Amino acid sequence: FVPLFFGMSGWKTLFTLLCLALAVTYTDAKVKRKAASFDDKEVTKATDFALKELRKLSDSYRDMQITRKIKAEKAKSAFGDGTNYFLTVELSCQSLCKPPLSPASTCRRGNYKGVNELIVFDKDDEGYQGFAIDEFPQMDGEYAPGTPSYKGPMSYEEYVAADGHEDLPPGGYGSHDEL
């Protein structure tokens, strides 16, 4: 054991070396994202998986589409052997809540268009996949008749007040039931 390290006492030397070791370990353990292409077979597989799983989450999302692929990145999984895919995409959907609906459906009619980040977790050796989304898409219309959340038909004024569509002309563009 060297009692001095650039003029420091033994305990300061030990503390400094410990801090340096932790810093190197942290830097090596930090997961770094790398640019990927949506044309890559594995990225395409991850994108398809995320969209399929998103559609399962709600009757409102059945017709969800990826309208624009913005950015794809991948990184080695911090835990276990696997790859994480970070996909920034524009999602859009026109939800009509057509039957059949699940018994506990909270299907909401309307439209959604927005940019979301999807993260797909892929475990290399077992084929396990999971996904996460930064924010769940919110439809801009009312709940579908027959769902537990349905409170009866909304008047046009209630629709505008509930969803902030003050920009719509008085009386709307047509029947609210056509959403």
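In this predicted model, D59 and R62 form a salt bridge, with 3.8 Å between their closest N and O atoms. The two partners differ in how much of their surface is accessible: D59 counts as buried because its relative accessibility is 16%, whereas R62 has a relative accessible area of 32% and is therefore partly exposed. Side chains of opposite charge can pair when their charged atoms come close. The structure holds five salt bridges, and the pair of D59 and R62 is one of them.

Another of these pairs involves the strands. E90 forms a salt bridge with R68, and here the closest N and O atoms lie 3.7 Å apart. Since E90 belongs to strand β3 and R68 to strand β2, the pair ties together parts that are 22 residues apart in sequence. E90 has a relative accessible area of 13%, so this residue is buried, while R68, with a relative accessible area of 43%, is partly exposed.

A third salt bridge joins E117 to R33, the closest N and O atoms being 3.3 Å apart. E117 lies in strand β4, and R33 lies in the loop between α1 (10–29) and β1, so this pair ties together parts that are 84 residues apart in sequence. Both residues count as partly exposed, since the relative accessible area of E117 is 22% and the relative accessibility of R33 is 40%. The pairing of E117 with R33 also belongs to a wider arrangement, for salt bridges that share partners join R33, E73 and E117 into one network.

E117 leads on to D134, whose place is in the loop between β5 and α3 (156–163). When residues up to four places away in sequence are not counted, D134 touches N116 and E117. With N116 the contact is a polar one between the two side chains, at 3.1 Å. The position of D134 can also be described relative to V115, from which D134 is 19 residues apart in sequence and 9.7 Å apart in space, C-alpha to C-alpha.

From these charged and polar side chains the path turns to the cysteines. A disulfide is a covalent bond between the sulfur atoms of two cysteines. By the distance rule applied here, the count comes to one disulfide, and this bond joins C97 to C107 with an S to S distance of 2.0 Å. The torsion about the S-S bond of C97 and C107 is about -95 degrees, which means that the disulfide is left-handed. C97 and C107 each lie in the loop between β3 and β4, so the pair ties together parts that are ten residues apart in sequence. C97 counts as buried because its relative accessibility is 10%, and C107 counts as buried because its relative accessibility is 0%. C93, by contrast, is in no disulfide, and the nearest cysteine sulfur, that of C107, is 8.6 Å away. C93 has a relative accessible area of 5%, so this cysteine is buried.

Strand β3 also holds S95, a residue that counts as buried because its relative accessibility is 2%. The side chain of S95 reaches the backbone oxygen of S60 at a distance of 3.5 Å.

The last stop is helix α2, which runs over residues 41–57 and has 17 residues. From its first C-alpha to its last, the helix reaches 25 Å, close to the 24 Å expected at 1.5 Å a residue. The N-terminal end of α2 is capped by D40, which has a side-chain oxygen 2.9 Å from the backbone nitrogen of E42. Which residues of α2 are buried? They are V43, A46, T47, F49, A50, L51, E53 and L54. These buried residues of α2 pack against β1 (34–36), β2 (65–76), β3 (82–95), β4 (110–123) and β5 (129–133). Several of these strands have already appeared along the way, among them β2 and β3, which hold R68 and E90 of the salt bridge described earlier, and β4, which holds E117.

Conventions. Residues numbered from 1 in each chain as written. Predicted model: local features only at pLDDT ≥ 70, side-chain atom pairs only at ≥ 80, totals over all residues. Heavy atoms only, no water. Helix = DSSP H or I, 4+ residues; strand = E, 2+ residues; numbered from the N terminus. Expected span 1.5 Å × (residues − 1). Buried < 20%, exposed > 50% of the residue type's maximum accessible area, 1.4 Å probe, protein only. Contact = heavy atoms within 4.5 Å. Polar contact = N/O pair within 3.5 Å; in protein donor to acceptor, adjacent residues only side chain to side chain. Disulfide = S-S within 2.5 Å. Salt bridge = Lys/Arg side-chain N within 4 Å of Asp/Glu carboxyl O.
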